4 protein chains.
Amino acid sequence: MMDQLVIGGRSLQSRLFIGTGKYSADALIPEVVKKSGSEVITVALRRIDFNSPMGNVMDHIPSGMQLLPNTSGARNAQEAIRIARLAKAAGCGNWIKIEVISDNKYLLPDGYETIKATEVLAGEGFVVLPYISPDLMVAKHLVEVGAAAVMPLGAPIGSNRGLKTKELLRILIEEIALPVIVDAGIGKPSDACEAMEMGAAACLLNTAIASANQPELMAEAFGMAVAAGRKAYLAGLGRSEKYASSSSPLTGFLHN
Amino acid sequence: MMDQLVIGGRSLQSRLFIGTGKYSADALIPEVVKKSGSEVITVALRRIDFNSPMGNVMDHIPSGMQLLPNTSGARNAQEAIRIARLAKAAGCGNWIKIEVISDNKYLLPDGYETIKATEVLAGEGFVVLPYISPDLMVAKHLVEVGAAAVMPLGAPIGSNRGLKTKELLRILIEEIALPVIVDAGIGKPSDACEAMEMGAAACLLNTAIASANQPELMAEAFGMAVAAGRKAYLAGLGRSEKYASSSSPLTGFLHN
Amino acid sequence: MMDQLVIGGRSLQSRLFIGTGKYSADALIPEVVKKSGSEVITVALRRIDFNSPMGNVMDHIPSGMQLLPNTSGARNAQEAIRIARLAKAAGCGNWIKIEVISDNKYLLPDGYETIKATEVLAGEGFVVLPYISPDLMVAKHLVEVGAAAVMPLGAPIGSNRGLKTKELLRILIEEIALPVIVDAGIGKPSDACEAMEMGAAACLLNTAIASANQPELMAEAFGMAVAAGRKAYLAGLGRSEKYASSSSPLTGFLHN
Amino acid sequence: MMDQLVIGGRSLQSRLFIGTGKYSADALIPEVVKKSGSEVITVALRRIDFNSPMGNVMDHIPSGMQLLPNTSGARNAQEAIRIARLAKAAGCGNWIKIEVISDNKYLLPDGYETIKATEVLAGEGFVVLPYISPDLMVAKHLVEVGAAAVMPLGAPIGSNRGLKTKELLRILIEEIALPVIVDAGIGKPSDACEAMEMGAAACLLNTAIASANQPELMAEAFGMAVAAGRKAYLAGLGRSEKYASSSSPLTGFLHN
């Protein structure tokens, strides 16, 4: 029996979602996809040049990947909605990652505008994955208005700082019935592994792979770490103990 | 080109070392070995009953595994040396993990006695892997007296508490020319993954697998996590940043 | 020159705000106030029995304290507004701590309803201190609608878990022009001290004192720790270094 | 009844020990001493120029302070012993802090040489306070050979990195009957406060004060933080909880 993640009716084997930004060359993307095993890839609509006969980031995304266009650049719900519709019209499918950001320094999302955009787009049949702060009430509202998952941040976008919001992520995973996908901040495979051990449904990351010295090898590392974390979650972690506990009885040898 | 760990002249593909204690049934061991991909397994000599025609833990260790007998139960150098010689005489080979412990609560090792035992056994041709506190000076002395690797603890044995000594492990990895194998305390695959990302040569763990609800699945998770951490180390982790950094330029879309 | 915190036109010497809940006996409150040095005390309006000739928590609050009634029990903006007005009408003054909570397990606040209540009450002349998740955009909206400070949580109310949201608190302190008062989750004086070192304007806590074995002594400890953290912030912390650095030159002694 | 620390027969009110190194000018020392409230001050013997009629660090140490000469610069037991005897002969009293360090990068102590020096000097009537790695077995040996306290490191000397060895410090505090004084690595008053909350008997620090923008103010902050941490330890910290816990009952108000 397979352990699959189902979002928007699509079954996914891999729980690693990746991005397309920051690569030294977009031509690296196919190998990164292959090595990571990822089946979902996000791309900023504004990076897609629909008129360009060449050099388009879309040319480097292997067919069969689930495209997850994002609304990067949107500063309010209206702009996010407009970008989502453009993406669909351009043939990018009906999945959309909502990013509504007006803070240019930490790129932190606006929960209220995100809820408004999600409500409208979910109503239009989009599979909506909103990027959010790890705020339980925002996540609850998103469940109500039809999100397909919630994507709380571990740390600011592109910071590679890791799971700095662990306390709040834990609560979201416990309280929200939708898949919780940790998005942003993950810097190392061990971060992604730990998110999965905590019960996250998936991880989305971009910078940690794109900024590695060898992105393809790092992609492979992340693919394995996410799968390892998921298996650990399913296998049931042992308890952590205050005192030591010997692997075998300490008496009865040499001393009797 | 393969990335192999060479210890005592033996090349190892897997950097996960496992133990044989605490399983609900020793018969689980072969499947744990297989799923983990591990090639090195430690066993307490006192658990081996050389006279028993059946029920011996040795019967469950697949042939081809590198056996790493340990001196668990030894309270000083002399006892450790005696156990090591018994192990060799009994056909367990010439690898030996030195454990000298007189603290029954936290099972913390005695560095001075460990150095003495290592010196003697290395002189007799043993491949000596000593279990130590993450103390730089003890590790330096062990290098001088002929250890094949050093095995500092992440947390007390069997505690599943994780890499609580990260600060000191980092220093050992930086300063010691021998392989640094994190032994004890690792509770989750993400812990093992992180140790490898830091540059540890390998991880040894037992309780985290044996105390899982599904040990075979947890063994697979650890095998993957250790490999992922090693790949991340080789791929070169990106820097962690204080501020956010967008995956694509924030200007020039919708707002121009 | 004094370092004072000014809120709603009132200058405060102490940056420790305390609560009135969970004490084994309300009669402990005067001594806790005295030992802590606190000048601001929060009380849930619903705990005040305005008809009771005795046994009222208000009887135990020393005169001269700045009363900070809170809207604990409110599940939306409207209820919070109603409670605030009741408090004012009852002679509790014009300071109000907004708590809008519909999550009964983690008691996490609803940012959107909190903004609505703050806007109305600030418009009516209240000095509004809203309890929030450490969400930058919510905090920015609160600045716009007239809050006097923002009170982000370190961890869930009453959990004593500490500064689990440090990453996000740091951003709020950096980006928000209002006083940032860490409220909820602080379990130890060292937590409060660290929040102050980071640049928080003040700390509010209740459970950590009320649940101590000796609340009066713990109150004194918190008063000192908050003051210490503030002084450290003003004194300018030294940099943290990767390598060691001797307190005095290592050469030229015994070895020359 | 006072809570005093007694070492070598001397009762101390303050549990903050300070150093004399790294100040921009030694003339700052008297004010730092005064503001910190410290009663014990360590000085490297090699920094003392017994022939100099002026400019000597000793001229800046207020009378009445307990002098704690240290053996900084010693690379083995013999050198440490020689320095200790020189200090005594020079009139520095019979307290001695043993530092035996041959690692010039992280300045980590040599436990074995430290034990040897301690044994000899304790036998000669010195009050011996050895600087050590947080290694339980080394600490146990030091108890046996007559140390007056043990001084485990929180992080490398002068690094300001904080309590990075918390796991091992906790064990020492629990298992060792002597006063455990955290020495080295403390960078912020909150670090010192936390060490005291854990049950440390005292803290010794130098760089964190000397490298602050305003050393006198930072000295005051540390004095308060150490006292706060001690009071918290005595007051008995409340338990940390997984879930939230309201400061007052959540029902019965507005909703009935």
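I will go through the chain symmetry, one annotated lysine and one interface of this model.

This is a predicted model, in which local features need pLDDT of at least 70 and side-chain atom pairs count only at pLDDT 80 or more, while totals for chains, interfaces and linings use all residues. Residues are numbered from 1 along each chain as its sequence is written, and side-chain values use heavy atoms, with hydrogens and water left out.

Let me start with the symmetry. A turn of 180 degrees, with a shift of 0.0 Å along the axis, lays chain C on chain D with an RMSD of 0.0 Å, the superposition being by least squares on the C-alpha atoms of residues with pLDDT of at least 70 in both. That is the relation of a two-fold axis.

Next, the lysine. The UniProt annotation "active site", from an unreviewed entry, covers A:Lys97, and such annotations may be inferred rather than shown by experiment. A:Lys97 is buried, with a relative accessible area of 4% (buried means under 20%, with a 1.4 Å probe and protein chains only). Its side chain is joined to that of A:Glu99 by a polar contact of 3.1 Å, that is, a pair of N or O atoms within 3.5 Å, one able to donate a hydrogen and the other to accept it.

Finally, chain B and chain D. Between them they bury about 2,300 Å², 57% of it on carbon and sulfur atoms, where buried area is the accessible area (1.4 Å probe) lost on being put together, summed over both parts. B:Tyr106, B:Met137 and B:Glu167 supply 25% of the area that chain B buries against chain D, more than any other three residues.

Conventions
Chains are lettered from A and ligands numbered from 1 in the order in which they are written. Buried means under 20% relative accessible area, exposed over 50%, partly exposed in between (1.4 Å probe, protein chains only). Buried area is the accessible area (1.4 Å probe) that two parts lose on being put together, summed over both.
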